[in-house]
Every structure is written in C-alpha cells, then in structure tokens.
Amino acid sequence: MKPIVRTLIFCAAIAGAADLAAAAEISMAANSTGKNLSFLREQITKFEKDTGHKVNLVTMPPSSSEQFSQYRLWLAAGNKDVDVYQTDVIWAPQLADQFVDLTEATKDVAGAHFPSIIQSQTVNGKLVALPFYTDAPALYYRKDLLDKYGKKPPETWDELAATAKEIQDKERAAGNPDIWGFVFQGNAYEGLTCNALEWIKSSGGGQIVEADGTISVNNEKAAAALDRVKGWIGTISPSGVLAYQEEESRGVWQTGNAVFMRNWPYAYALGNGDDSAVKGKFEVKPLPTATDGDQPSSTLGGWNLAVSKYSDEQEASIAFVKFLGSPEVQKARAIQLSNLPTIAALYDDKEVAAAQPFMPNWKPIFQDAVPRPSAVAKVKYNEVSSKFWSAVHNTLSGNGTAAENLELLEVDLTELQGDGW
C-alpha cells in the first residue's frame, strides 16, 4: 500500500473516532398529551440524523401537576438521567435554580420569539427555558348544532348555559341521549386552576393573587362565578366532569357528545382528524364573560424547553433545545398539531394559515391571555394553586359554598404568604 493511501486511511479513521466521541446520548422528559410524543419522535429522528446524537424520550403523564411533582423530585436529587425537560410556562420561578442559563446560548434566536413569552421564562436575568409553543384556551362550539337551532355563539356565560341546555335537551329528545351541553376540565389539578381563573377573572373577580402580592380571591364576584359553575354540574355538564382533564373533555367532544368545550388549541387539529365525529362541524371563539362589560379571560399556557444543570451532556442538550424551538420545528408543530408558535413571523406564514385557518385569529386570544400568579408567588406558587383548585373543587362538589370556601382559602393563602411571597 502506498504511503499516501495509508495516510488517508489513518486520517479518516481519526476523523471517524472524533465524530463518535463527539456524539452524545441524552434524554428528554415530555408529556403524553395528544400527539406530542409521536411528533417528538419524528423530530428526534431528524435531529439524530443531522447530528449523530441519540435522544431518548422519557414519557410523562398528561397531568401537568403530576409532571411537576416528578420533576421536582428528580431535580432535588440531582438526577443525571434526564437532560432536557419540557416545562409548563408557570414553572420557571420554581425550578430556575435547577436549570442551565440559556441566555448566552440562545442569544442568536431568542429575539424571534414573542418578548412576553421570553420574559415569562426569565428569572433574575436568567433565561430558564426556551419557548416551544404557547397556549391559550378557547370556546369550541358545534357550529352545525347552533345553526340547526338558530343560535348565535354565546358572548356571556349565562348565554352559554342557556344555549347549551336548549340544544342538549332538544338533541336528547331527537334520539341522542349521550349529548351534554358543556365539557371542561374539572378535576382537582392545575387544569382546574386555569378554568377557575378564567371564570373568576372574566367576572371581574381578580386573579387570585394580584401582581402586587395582594390576595384578592375572597370577593363576591369570585364567589358568584363559582356558584354559577356549580349550577352547571349535572345540568349542562356531566357529574363526571369533576374528574375530567383535557383528554377526557376532548374524548366526549370528539365523539360528538358535547355542544361546547373549553380546551387548548391542540384539540383543534385532533377534532378535525379523520377519526373525529365532529370533523368540519365546529369552530372556536374567545371564552365568554359574565357580562358584556367584562373582558374575555383565557389563561396563558404554553410549554418550554429547559436543560438540567445536572446533565453531563449540556452542549448536546442545548443544541437539541434550539432545534426543537426553531422556526422549522415550530412550523411543523403548528401545521400538524395546531399548537401556537412562539415565533411571531409564523403567524404570517401562508402554509401555516392554509393548514390552520383559525390560527391567525387566535393570536389576540393569547396576546391578551391572563397569567397565573406564578411570578408573584414564586416558589410558593404550586401550593397557592393546589389550595385554590382544592377550594374550587370542593365548591363544585357541594362540599361547602363558594363564599365559605373562598374565605377559608384566603386564610390559608395569608398563612402561606407569611412575611412575603
């Protein structure tokens, strides 16, 4: 063999060994709501092909409350098995110390995202997570049924209840015994905090804890909002709604057994799937209010991507986070899953608008969305939310009146606040 050939073979072997050494194996914890995991697997295949890295998925339950509890246990233990975490928008203040500061690594891409969303993930100047997609719920309604009975989409909660009851009763009389007027998320978990915040805020009852730290939830308008919802249980909403999370609500809706549904954007694409009984039969609009003078109030949601400070593969993990948060992946997610991008330019993308015609109209819904009091309550937010959803669930279940439960809640929150949040 000629010396030059031997040299080329040797150099190729060295280069191959270097590439192998640079390849990393990382793990990502992600929720199992809707088609999130199947979408991630598609994107992981592309990332692995492009980079040589290997990514393992750690499947988490759909419940954000269960996810948070597990994340907190892993991070408190300094767990190295999970490198990348899919995180709820509210978790940044509580988990900031456990995640890598992404400010420097993402300075070339952060400017493309909505500033308010970047700000929601910034704690004491540290970018805790890169936005993946944003979220704000809307009212889904069966346009075919409203047209059939000559009804307009409701603007107030009382209009919703009246329309839901009338159509529900008439459809049952016509031979559909399983239909209900309205489904939402009534289980005792973070999702109920979101729903109840919307009921209360849209009724002029405040935001549980205000931006200045004031505990505001014990007021007549908040109590009236919860009493209104209690009246829905067993009339326009099944008693089982008190155990519903997002997927249970969607299950009833997508089989054609609800007139109205409160849910997040992910349910739009699934509702128009080939296996859906409501494909092409529904539309969405902003959530109702108590009166014409109140403001529609959708809870700000959304999911982000954080890198554990305990990861031994932080460079590869950051590369993966930037890949998932990129315009290309956010566009694919918008088209395939109807999740709302956090990159402003994608709302003007013709392919996104063609695939999801509703999406440009959803932009004002999330831009005016109401944040949960995670920024003010900081590390105490999880306890604030737990106490709040428990008080709401007790009220809806008939365990005490709204006024009684909100008075007790105020006492509990005041004790939790102590000398300050």
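In what order do the strands of the open sheet of 5 strands stand? Select them in the viewer and the order reads S2-S1-S3-S11-S6, with mixed pairing; helices (H or I, at least four residues) and strands (E, at least two) are DSSP runs, numbered from the N terminus. The model on screen is predicted, so local features need pLDDT of at least 70 and side-chain atom pairs count only at pLDDT 80 or more, while totals for chains, interfaces and linings use all residues. Residues are numbered from 1 along each chain as its sequence is written, and side-chain values use heavy atoms, with hydrogens and water left out.

**The five-stranded sheet**

Stay with this sheet and look at its edges, where strand S2 (54–60) and S6 each have a single partner strand, so one side of each is left without a neighbour in the sheet. From one strand to the next the twist averages 20 degrees; the axes behind such angles are lines fitted to C-alpha atoms, for helices over the stretch in contact, and angles run from 0 to 180 degrees between N-to-C directions. Next select strand S1 (residues 25–31) together with S2: the two pair in the parallel sense over 7 bridges, where pairing requires that DSSP finds at least two bridges between two strands. Within this pair, Ser-27 has Asn-56 in S2 as its bridge partner. Helix H3 packs on the sheet, touching S1, S2, strand S3 (84–88) and strand S11 (301–307), and its direction makes about 135 degrees with that of S3; touching, packing and contact here mean heavy atoms within 4.5 Å.

Now isolate S11, in which 7 of the 7 residues are buried, so the strand is largely enclosed by the rest of the structure; buried means under 20% relative accessible area, exposed over 50%, and partly exposed in between (1.4 Å probe, protein chains only). Gly-301, Trp-303, Leu-305 and Val-307 lie on one side of S11, with Gly-302, Asn-304 and Ala-306 on the other, and both faces are covered. S3 and S11 pair in the antiparallel sense over 5 bridges, and S6 is joined to S11 by 5 bridges, also antiparallel. Centre the view on Trp-303, which is the bridge partner of Asp-88 and also the bridge partner of Tyr-133.

**The four-stranded sheet**

Move on to an open sheet of 4 strands, ordered S8-S9-S7-S10 with mixed pairing. Strand S8 (180–183) and strand S10 (282–285) are at its edges, each with a single partner strand, so one side of each is left without a neighbour in the sheet. Neighbouring strands here are turned by 15 degrees against each other on average, direction ignored. S8 and S9 run parallel and are joined by 3 bridges, and Trp-180 finds its bridge partner, Ala-258, in S9. Then display H7, which packs on the sheet by touching strand S7 (138–142), S8 and S9, its direction making about 140 degrees with that of S8. H10 can be added as well, lying across S7, S8, S9 and S10 and running at about 155 degrees to S9.

**Helices H8 and H17**

Which helices and strand do the buried residues of H8 pack against? Show helix H3 (64–76), helix H7 (157–173), helix H9 (220–230), helix H10 (246–254), strand S9 (258–263) and helix H17 (381–397) around H8. Of the 12 residues of H8, 11 are buried, so this helix is largely enclosed by the rest of the structure. Zoom in on Thr-193 in H8, a buried residue with a relative accessible area of 1%. A polar contact of 2.7 Å joins the side chains of Thr-193 and Ser-385; such a contact is a pair of N or O atoms within 3.5 Å, where within protein one must be able to donate a hydrogen and the other to accept it, and residues adjacent in sequence count only if both atoms are side-chain atoms. Not counting residues up to four places away in sequence, Thr-193 touches Arg-372, Tyr-381, Ser-385, Phe-388 and Trp-389.

Ser-385 is among the buried residues of H17, which also include Tyr-381, Phe-388 and Trp-389. Just after H17, Gly-398 takes a positive phi of about 90 degrees.

**The nonpolar core**

Finish with the largest nonpolar core, which has 130 residues, including Trp-199 and Phe-320 among those with the most contacts inside it; a nonpolar core is a set of buried Ala, Val, Leu, Ile, Met, Phe, Trp, Tyr and Cys residues joined through side-chain atoms within 4.5 Å. The largest share of this core, 7 residues, comes from H17. Around Phe-320, leaving aside its neighbours within four places in sequence, select Ile-26, Met-28, Ile-44, Phe-47, Val-55 and Val-84, with which Phe-320 is in contact.
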